Amino acid sequence: MTRIGFAYNQKPEQSGLIGTEATAHAGTVDDGELSRLQEEPPGSGSDEFAEWDSRETIDAVAAALSALGEVIFLEANEDFPELLRDAKPDIVFNIAEGRYGVNREAHVPAICEFHGIPYSGSDPLTLSLCLDKARAKETLSHHGIPTARFAVVRELSEIARASKALQLPLFVKPVHEGSSKGITERNFCRTAAELEAQVAFLLSSYDQPVIVEEYLPGAEFTCAVLGNGRTATVLPIVGMNFASLPEGALPIYGFEAKWIWDRPENPLQMFDCPAHIDPALARAIERVTLDAYRVLGCRDWSRIDVRLDAGGEPNVVEVNPLPGILPDPADNSCFPKAARAAGMSYDELIQSCLRLAATRQRVPLGRQLRKVRTVSKTAPRPRAARSRDSDGPAAGDTVANRLSA
Ligand SMILES: Nc1ncnc2c1ncn2[C@@H]1O[C@H](COP(=O)(O)OP(=O)(O)O)[C@@H](O)[C@H]1O
Ligand SMILES: [Mg+2]
């Protein structure tokens, strides 16, 4: 039987822990409410653990993995290096967002590499690169992949120089965050004075450089990618329906939309999946998505945010090599949503990702290895990105089947 190490960071149980050091053995978050963030003003520390996973997500992933082997829980706390060394799993399924520093998402994969243990998803270089929005955009620009023009501000005195070459309105973000941490309507800056005030706020609140980008005024999409090389597949595109935001809200998918206005008991009709868009636009979005995935070195899965510029061209906003995977459809997590639209269950999504990683690294998977090996030999060969305008996979031709080949 395959021994599957499962690396994750679990959200602390109580809001009282927010702002304190993460507990290594946080308790159970058994209610959807606790897995959401507290309604405190973003930037006050309330979003510190926004990227970590709830007990509900951890249990759902473990349940899916258990069909393919014995699951060994490896919480990515300070004991992780020893836990991993002692457990010596055949492969690690990694969703750990990490603890400290700008390379935090790279730590688990790097420790796996140190021990020579195969793991799922992108390598440390790609994880660190994508967590630095500016360095990731430099790579995209180098390869001619459209992304908004930008500058990085490390201290307030640099603002004039940085913004000189850029055209207002601008959008500012902490350079090393995710899950909309530090991203609110106030980050939209129409004037030099607004820019200075918000950059000052972000520099002092998040203790890291601020990326200043030209604002992309068009529609927004997020694209889930599964696969590697020529078999990388864009799942049905998720379109953002900003009309569902409260009246007068800025059309962005920021902290308020993600964590405050969209609640399980009163969900925003925020998403349109598959997005109802022109097939030519869908193809253009898929093209920049797969190009970004390739040049940033993503593996197995990633979710890529795309927005249209003033000319209607898709631009890459950011790349998430550790995509959010909340299991409850009411939580509106985009990767599982795209998978469902492709005919894949949550379990199939998680299992596909593990299978991709196992295939890449030649790790046999299964509770009864011989049986699983026989099945995978007869599975259909993978194909390239599916057409956007199909109504869904034909019977027996699921994305899960194609990817597991
Ligand atoms: N240059 C931009 N122009 C317009 N909106 C933007 C821009 N950058 C980010 N946004 C908005 O902010 C949201 C969050 O930004 P993003 O870089 O994706 O951060 P996060 O890692 O927190 O998801 C995006 O989904 C988008 O709505
Ligand atoms: Mg994003």
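Two residues are in contact here if their C-beta atoms, placed from the backbone, lie within 7 Å. This is a predicted model, in which local features need pLDDT of at least 70, side-chain atom pairs count only at pLDDT 80 or more, and totals for chains, interfaces and linings use all residues. Residues are numbered from 1 along each chain as its sequence is written, while chains are lettered from A and ligands numbered from 1 in the order in which they are written.

**Exercise 1. Place E220 and find its partners.**

Task: Which residues does E220 contact, leaving aside its neighbours within four places in sequence?

Solution. Start with the element: E220 belongs to strand 8 (residues 220–226). Helices (H or I, at least four residues) and strands (E, at least two) are DSSP runs, numbered from the N terminus. Next, list the partners: beyond four places in sequence, E220 touches M240, Y253 and R307. Then count its surroundings: E220 is buried because 20 other C-beta atoms lie within 10 Å. The scale calls a residue buried at 20 or more other C-beta atoms within 10 Å of its own, exposed at 12 or fewer, and partly exposed in between, with C-beta atoms placed from the backbone. Finally, try a distance: E220 and D309 are 89 residues apart along the chain, and their C-alpha atoms are separated by 9.7 Å.

**Exercise 2. Step back to the whole chain.**

Task: What share of the contacts with a separation of 6 or more comes from residues 24 or more positions apart?

Solution. First take stock of the elements: the chain has 14 helices and 13 strands. Of its 405 residues, 48% are buried. Now the share: residues 24 or more positions apart supply 72% of the contacts with a separation of 6 or more.

**Exercise 3. Read the buried side of two helices.**

Task: Where do the buried residues of helix 2 sit around its axis, and what covers those of helix 4?

Solution. In helix 2 (residues 55–65), the buried residues are T57, I58, A60, V61, A64 and L65. They lie on the same side of helix 2 because they cover an arc of only 165° around the axis; the arc is that of the directions from the helix axis to the C-beta atoms. An α-helix has 3.6 residues a turn, so residues three or four places apart point the same way. The cover over the buried residues of helix 2 includes strand 1 (3–8), strand 2 (70–75), strand 3 and helix 12 (346–360).

Move on to helix 4 (residues 107–115), where H107, V108, P109, I111 and C112 are buried. Their cover includes strand 1, helix 3, strand 3 and helix 5 (124–131). Zoom in on I111, which is buried with 22 other C-beta atoms within 10 Å. Leaving aside neighbours within four places in sequence, I111 contacts F80, P81 and L84. I111 and L84 are 27 residues apart in sequence and 8.4 Å apart in space, C-alpha to C-alpha. Just after helix 4, G116 has a positive phi of about 70°.

**Exercise 4. Spot the unusual backbone.**

Task: Which bond is cis between L168 and P169 or between C273 and P274, and what are the omega values?

Solution. Begin with the background: most residues other than glycine have a negative phi, and most peptide bonds are trans. The bond from L168 to P169 is cis, with omega near -5°, and P169 is in the loop between helix 7 (159–164) and strand 5 (170–174). The bond joining C273 and P274 is also cis, with omega about 0°; P274 lies in the loop between strand 11 (271–272) and helix 10 (279–295).

Now turn to phi. K88 has a positive phi of about 40° and sits in the loop between helix 3 (80–87) and strand 3 (91–94). K88 counts as exposed, with 12 C-beta neighbours inside 10 Å. D207 has a positive phi near 55°, in the loop between helix 8 (192–206) and strand 7 (210–214). D207 is exposed, with 9 other C-beta atoms within 10 Å.

**Exercise 5. Map the surroundings of ligand 1.**

Task: How many residues surround ligand 1, and which are the closest?

Solution. The shell holds 20 residues, the closest being S180, E213, L216, I252 and Y253; a residue is counted if its C-beta atom, placed from the backbone, lies within 6 Å of the ligand. Strand 5, strand 12 (301–308) and strand 13 (314–320) are the elements that give two or more residues to this shell.
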